[in-house]
Amino acid sequence: MEKNKRGKRRKKRKKSGIEKVVVCLLSTVLIIMLVLGLAGTILYKSGEMALKASVNAAEPTMMVDSDEVDRIRQDLEHNDSVAWQENWTVYDGKVYEYREDTLNFLLLGIDHSGSLSSETKLSDWSAGQADTIFLVSLNQTDKEISVIGIPRNSMVNVEIFNSDSERVETIHNQICLQYGYAGGGELGLRKMKESVSELMCGLPIHGACAVSFDAISVITDRLGGIEVVVPDDMTEYNKAYVQGSTQTLTGKNVVNYLRYRKYDALGSPTTRLARQKDFMRVAMGRVMQEIKANPVFVKDIYVSLSAYMNTDISVDEAVYIASKALDCTLAEQSFYQLTGEDRAEYFVRDNGEQDFYDDYYIDEDELQRIMYEVFYREVRVSDL
C-alpha cells in the first residue's frame, strides 16, 4: 500500500516537473517575443527621430510669380474669407502646400567595383562617379512611393576639395562628378545630397545610400533574378537584347545591362537612365514583396550589402523606412525622369582626336511640374 502511494507521488512529481518545463519554455518564448518586440519598437522609434532630425531645411523654396500670389491671396481673403498661410505657394493658378510628412532618400550607383569605402579619400579623386542617381520619396499620408531618375550628366555647381578637405574650386559640371571630387565616403555622400537638394529647389533629403557594382549583382541574385523588357535596341552589345524583348537579369549580366551605352551617341546617358529606371521599378516591387513575407529581410539585405555600401542610413532608420514603405503603393506612374536637353561640349584629346562631353540641361518648367506633383498637395478652399 505504501509502495503504491510512493508510485503515485513519483508520477505526480514527474507530471509536475513536465508542467514546470512547459511553463518555463512558454515563459522563455514569451520573454523572447517581448524583447524582440521591444527591440523592434526601439529601432522603429529611434529611426523615426533620427530621420526627422537629419535635415536642416523644412521645405523646398519654389519659384513663384509674386504678382500671381498676391492676386490669389487677395481673392481668397476677400471672396472666400480664408486667411492666407505662410507655407502656401501658387503654381499654375492653384494654391499648394508642401507635404511635410514626406521622407526623401537618395540612392546612388557608383562606377566602382568591389567594396565601397565609407572613408573620404581626397588624394587622387578615385572614389568614383555617381553613374546612377535616384530620388525616392515616401508620402506617409497618402501612402505612396515616388521615384525620380536624375540624369548623371545634369549640369550643376560641383565643389572640388583638396587633400585637406578644403574646398578649392566650384565649377559648373556634371552632377555625377561631385561624389568623386568630394572624395567619396561621408563627404562625398553629403555633397551629393546637397547637389541633388539644390537641383530640386532645396528639397530636404533625409538619407543617402551609395552602392558599388557588386551590390547590384548581390541584390539581383538575392531576389532570384529580375525580369525586364528591353526599352531600347542593344543588339550591338548583345544580339539577344532586341528592343521589346523580355530578359532575365542575374548577378552575372545585370551590371553590364544597366551600364551599357553608346559613348559616341549624344543622349545615350538619358537612354540608359530609362533602362535603369525600369530595373529599379521591378526590383523595388520585389523587395517590398520579400519584406512582407519576411520582415527580417531588411536586416539581411543591409548586412549583405554592407561591404559594398556607403550610407548615412542606420539599421534602425532602415527598419523605420521599411515599416512605412510596406503600407505604401508603388505604381508604375509614380516613376519619373527629369527631362531636358543634351548639349555636346567638344574637346580635343591628347592624341589629337576630337571628342565631346554630353552635358544635360534640365528643363526647369518640367522640374517644377514634377516638384508640385510629387511633393505638394493642392489646397482646396472647399476643404478648409
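**Reading a small sheet and its helix**

Guide: Let's start with one residue: aspartate 101 counts as buried because its relative accessibility is 18%, and the cut-off for buried is under 20%. Keep in mind that this is a predicted model.

Visitor: Okay, where is aspartate 101 found, and which residues does it touch?

Guide: Aspartate 101 sits in the loop between strand 2 and strand 3 (102-110). Leaving aside residues up to four places away in sequence, aspartate 101 touches Leu138, Asn139, Gln140, Thr141 and Arg377.

Visitor: Now the sheet. In what order do its strands come?

Guide: With a sheet, go through order, pairing sense and edges. Here 3 strands make an open sheet in the order 1-2-15, with antiparallel pairing. Strand 1 (88-91) and strand 15 (376-378) are the edge strands, each pairing on one side only. On average, neighbouring strands in this sheet are turned by 45° against each other, direction ignored.

Visitor: How many bridges link strand 1 and strand 2?

Guide: Strand 1 and strand 2 (residues 94-98) pair over 4 bridges, in the antiparallel sense. To fix the register by eye, find threonine 89, which stands opposite tyrosine 96 in strand 2.

Visitor: And which strands does helix 2 lie across?

Guide: Helix 2 (residues 66-79) lies across strand 1 and strand 2, running at about 115° to strand 1. Helix 10 (residues 364-375) packs on the sheet too, touching strand 1, strand 2 and strand 15, and its direction makes about 135° with that of strand 1.

Visitor: How do I read helix 2 by itself?

Guide: Check its span, then its faces. Helix 2 has 14 residues and reaches 20 Å from first C-alpha to last, close to the 20 Å expected at 1.5 Å a residue. Val69, Ile72 and Leu76 are buried in helix 2. Down the axis of helix 2, the buried residues fall within an arc of 75°, so they line one face of the helix. Strand 1 and strand 2 are among what covers those buried residues. The face of helix 2 turned away from its buried side carries the exposed residues Asp67, Gln74, His78 and Asn79.

Visitor: Last one: where is confidence lowest, and where is it highest?

Guide: The general idea first: where pLDDT is low, don't read the predicted coordinates in detail. The protein averages a pLDDT of 86, and 84% of the residues score at least 70. Confidence is lowest in helix 1 (residues 2-52), at a mean of 47, and highest in strand 6 (residues 155-161), at 97. Over residues 20-43 the pLDDT is below 50, and this stretch has 2 contacts in the model beyond near neighbours in sequence.

Methods:
Residues are numbered from 1 along each chain as its sequence is written. This is a predicted model: local features need pLDDT of at least 70, side-chain atom pairs count only at pLDDT 80 or more; totals for chains, interfaces and linings use all residues. Side-chain values use heavy atoms; hydrogens and water are left out. Two strands pair if DSSP finds at least two bridges between them. Helices (H or I, at least four residues) and strands (E, at least two) are DSSP runs, numbered from the N terminus. Axes are lines fitted to C-alpha atoms, for helices over the stretch in contact, and angles run from 0 to 180 degrees between N-to-C directions. Contact means heavy atoms within 4.5 Å. Buried means under 20% relative accessible area, exposed over 50%, partly exposed in between (1.4 Å probe, protein chains only). pLDDT is the predictor's confidence in each residue, from 0 to 100. The expected span of a helix is 1.5 Å times one less than its number of residues. The arc is that of the directions from the helix axis to the C-beta atoms.
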